[in-house]
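Please find my notes on this model below. They are arranged as numbered points, one topic to each.

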Amino acid sequence: MQIDSSKLLETMAQAVFANAEELTELDSAIGDADHGLNMTRGFQAVLADRDNILSKPLPGAVNAMGYTLVMKIGGASGPLYGTLFMTLGKELPDCPSTSDLGRSLLVAGEAVSSRGKAEIGNKTMLDVLLPVAAHIASGTATINSVRRLAAECAKSTVPMKALRGRASYLGERSIGHMDPGARSCEILIDAVCDVLAGKQ
Amino acid sequence: MSKNVGIVIVSHSLDIAKGTADMVRNMVGTAIPLAFCGGNPDGGLGTSIEKILAAIDEAWSERGVAILVDLGGAETNSEMAVEMLPENRRGKVKVCNAPIVEGAVMAATEAWGGASLDEVKRTAEELSPQ
């Protein structure tokens, strides 16, 4: 499939900006109330650097975006989302098929997992990223099934007890809140779906 | 170039990083290379890889550099910063799993005696429950 890097970057950034308040609110319940602010800072930096990022073909652009997020986010989500995009940039071909996308996401998910020393069920972004990657890699995914799965997986973090990240300090009290990282991951996946569906 | 291992202190708060560095200087004076950083790229609470890389550079010693961190993001960002170092430096920088203040003072005291990077790291980590 042809993915327009410019649309991809713009759509993800706008989705982050539009939902930043909600992300910070979720993070204030079980974290340090900066996830929306950090993601906004990161994607503002991505937009500011867009000429450089977009001068490269898709894999290089995704990698450069990851590098900017790492340098600018300033929270744990910087290295985590940075690792996600930088790994995707290394794995994706210029014009990826659905199976390329699924395989690259699986590799990137593993990289995020080892970067954050977390696994599925820990109430983190991985609870969205890994099932969605596996679903896309299975070859049966549609844009709508990906959106649905991402939303369901983000919601599935509500009853979980956090085992990684700042929320884990709350122990049992982290139960009953959606994980902000899982939600931001859902938001970004939804934005990518918008681009693939030609919505933006 | 120092014959001692260098210490880098990375906190979410610049005040804590600076205060910790003051306590280290109080103990070991200028006997070891020391640098600190804190705050996100906008100066709010958080950490910044650019600042961590600059601090590693400032505290550089061919004997190696031990990094002391506070909470999660400081650790993840420090590990990422280490991976971004040039290859000839990467193996000589280690993030310690230790409480930041106690760990920094213990690590610095150990480094002052000429200990290797692994010894410095091990001493700092003796403070953490295994």
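**Notes on the two chains**

1. Start with Ala66(B). Neighbours within four places in sequence aside, Ala66(B) is in contact with Val5(B), Ile7(B), Lys94(B), Cys96(B), Ala107(B), Leu117(B), Val120(B), Lys121(B) and Ala124(B). Contact here means C-beta atoms, placed from the backbone, within 7 Å of each other.

2. A word on the basis. The model is predicted, so local features need pLDDT of at least 70 and side-chain atom pairs count only at pLDDT 80 or more, while totals for chains, interfaces and linings use all residues. Residues are numbered from 1 along each chain as its sequence is written, and chains are lettered from A and ligands numbered from 1 in the order in which they are written.

3. Ala66(B) belongs to one side of strand E3 of chain B, together with Leu68(B). The other side carries Val65(B), Ile67(B) and Val69(B). Both faces are covered, and these residues are all buried. Put as a count, five of the five residues of E3(B) (65-69) are buried. Buried means 20 or more other C-beta atoms within 10 Å of a residue's own; exposed means 12 or fewer, and partly exposed lies in between, with C-beta atoms placed from the backbone. Strands (E, at least two residues) and helices (H or I, at least four) are DSSP runs, numbered from the N terminus.

4. What pairs with E3(B)? Strand E1 (residues 6-11) of chain B does, in the parallel sense, over five bridges. Val10(B) is opposite Val69(B) there. Strand E4 (residues 93-96) of chain B also runs parallel to E3(B), joined by four bridges. In that pairing Ala66(B) has Lys94(B) as its bridge partner. Pairing requires at least two DSSP bridges between the strands.

5. The largest nonpolar core holds 96 residues. Those with the most contacts inside it are Ile7(B), Val8(B), Ala66(B), Leu68(B) and Ala107(B). Such a core is a set of buried Ala, Val, Leu, Ile, Met, Phe, Trp, Tyr and Cys residues joined through C-beta atoms within 7 Å.

6. Now the other chain. Chain A has nine helices and zero strands. Of its 200 residues, 54% count as buried. Its radius of gyration, taken over C-alpha atoms, is 15 Å. That agrees with the value near 16 Å for a compact globule of 200 residues, the rule being 2.2 Å times the number of residues to the power 0.38. The C-alpha atoms fill a box of roughly 45 × 35 × 30 Å along the principal axes. Among chain A contacts with a separation of 6 or more, 62% join residues 24 or more positions apart.

7. Helix H9 of chain A (residues 180-196) deserves a look. Is H9(A) largely enclosed or open? Twelve of its 17 residues are buried, so H9(A) is largely enclosed by the rest of the structure. Buried residues of H9(A) include Cys185(A), Ile187(A), Leu188(A) and Ile189(A). Their cover includes helices H1 (5-30), H2 (35-48), H5 (77-91), H7 (126-137) and H8 (143-156) of chain A. The end C-alpha atoms of H9(A) are 24 Å apart, which agrees with the 24 Å expected at 1.5 Å a residue; the expected span uses one less than the number of residues. Just after H9(A), Gly198(A) has a positive phi of about 70 degrees.

8. Ile136(A) is in helix H7 of chain A. Ile136(A) is buried, with 23 other C-beta atoms within 10 Å. Beyond four places in sequence, its contacts are Thr98(A), Leu101(A), Gly102(A), Leu105(A), Ala141(A) and Val146(A).

9. Two loop residues merit a check of the backbone. Ala33(A), between H1 and H2 of chain A, has phi near 60 degrees, positive in a residue other than glycine. With 17 C-beta neighbours inside 10 Å, Ala33(A) counts as partly exposed. Lys123(A), between helix H6 (98-116) and H7 of chain A, has phi near 70 degrees, also positive in a residue other than glycine. Lys123(A) is buried, with 28 other C-beta atoms within 10 Å.

10. Last, the interface. Contacts link 14 residues of chain B with 16 residues of chain A. On the chain B side, helix H2 (49-58) and helix H3 (72-84) are the elements that give two or more residues. H3(B) gives the most, with five.

Terms used. Two residues are in contact if their C-beta atoms, placed from the backbone, lie within 7 Å.
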